[in-house]
Amino acid sequence: MKKQTALIVGLAAAGISAATGLLAALGYLPVWAAELVAVVMFPAFVIFIALWWNAKPGEEDIPFIGY
Amino acid sequence: MIEYLLFATFIGLLFHGIHRKVIARIQGRPGPPIWQEILHTLKFSFKETWIPKTASHALFIGIVVVAIGIWSAALFLLLSGGSILLLFAVYLLHKIVEHGMGLSTGSPYTKFGAIRSVISAASELPLLVTVVAIYFFTHSLSIADIAAYQEVHGPLLIIAFPAAVAMYLVILSKMHYGPFSIIEAKEIVSGNMTEHFGVWRAALEVAYALKTYVLLYAFVLIFIGSLPLALTLLAMLIVLVSLSFVCAVTPMLSPYDTVTVQSLVTGALVIYIIILGVIMG
């Protein structure tokens with residue numbers, strides 16, 4: 001996976017979670033559905049944002065698999 | 001929704017820092033600053049990250065995702081006043097996470113941690129006893145109903161004190177540096193977490209911060225009642241400091257002593273439940 005991909009996935013996860021939270025607050029979506037989306041998206045947000053800022057700026061794949 | 005999770009993560013990490021500080025001060029050491037665990041998590045997220053060649057890749061990464069996911073779900077469960085049985089289910093899933101994390105890497109140290117996680121399954125029994133004891137009084141397992149019961153009859157901490165002790169023991173068994181923390185004992189390096197480093201460890205720290213927040217919040221909700229946020233946080237802090245005190249003055253038990261103590265406490269609580277059953281019909 002490339003650095004840019006990790007950033008896109010992390011931000012997309014946060015964006016989707018925030019959007020469903022907003023829709024639930026406005027009454028367009030049941031609260032439980034927004035909570036379910038947050039439960040799925042939050043781990044993706046945490047891991048992909050950390051992978052993004054952890055990655056070096058080169059072209060190498062992250063995370064390195066070996067040793 | 002994500003803002004609740006970020007808030008709980010931040011407070012959970014701060015609580016971990018306070019936990020370390022309190023332990024250090026009781027033991028006569030200056031200790032780290034209380035925000036150390038926040039820095040610690042950030043530090044891990046910048047460290048080199050890889051997956052060991054001997055690891056099951058899907059399980060190695062998947063277990064981290066599941067760890068954050070189940071405690072996120074548990075937080076929403078508490079916020080929505082859901083069933084205490086579902087909280088119990090999340091707690092059991094955490095046992096699978098501990099075990100799976102240890103088995104996913106291929107390292108002998110993590111496998112020892114995983115095995116210790118399984119033999120300390122007795123730590124789940126007091127929670128089951130807590131659930132039964134609470135039902136005797138409230139006739140409901142909904143957290144919202146339990147909170148409503150306490151508004152009328154007073155805190156369950158007083159009414160069902162042995163059940164509160166059981167839940168307290170459950171939280172103690174999941175605290176870092178505690179007498180029951182055998183799965184992450186130093187003689188097996190970091191136990192089941194040994195091979196999860198870099199981003200994976202940072203994500204696990206997030207999951208454990210959520211876990212600490214959820215367990216302390218659950219204790220306050222179930223045994224004291226629904227309070228304003230500031231008072232809830234204060235009550236959680238008081239419970240945490242008391243746990244830190246126990247951790248500071250109690251050496252880590254051997255795996256077999258851990259199981260023995262937890263089984264004895266569960267046995268005592270089963271007797272309490274039987275007496276409750278006889279008295280309350």
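Contact here means heavy atoms within 4.5 Å. The model is predicted, so local features need pLDDT of at least 70 and side-chain atom pairs count only at pLDDT 80 or more, while totals for chains, interfaces and linings use all residues. Residues are numbered from 1 along each chain as its sequence is written, chains are lettered from A in the order in which they are written, and side-chain values use heavy atoms, with hydrogens and water left out.

A good place to begin is a pair of helices in chain B. Residues B:L125, B:P126, B:V129, B:V132, B:A133, B:F136 and B:F137 of α6(B) meet a set in α12(B) that includes B:T266, B:L269, B:Y272 and B:M280. By class, this contact has 13 nonpolar, two polar and no charged residues (Ala, Val, Leu, Ile, Met, Phe, Trp, Tyr, Cys and Pro count as nonpolar, Asp, Glu, Lys and Arg as charged, and the others, Gly among them, as polar). Helix α6 (residues 125-138) and helix α12 (residues 255-280) of chain B pack at about 15°, their axes 10 Å apart; helices are DSSP runs of H or I, at least four residues, numbered from the N terminus, and axes are lines fitted to C-alpha atoms over the stretch in contact, with angles from 0 to 180 degrees between N-to-C directions. The two are therefore roughly parallel (angles under 35 degrees).

Turning to the interface, 22 residues of chain A are in contact with 29 residues of chain B. Salt bridges (a side-chain nitrogen of Lys or Arg within 4 Å of a carboxyl oxygen of Asp or Glu) number zero between chain A and chain B, and three over all chains.

Terms used:
Angles under 35 degrees count as roughly parallel, over 145 as roughly antiparallel, 65 to 115 as roughly perpendicular and the rest as oblique.
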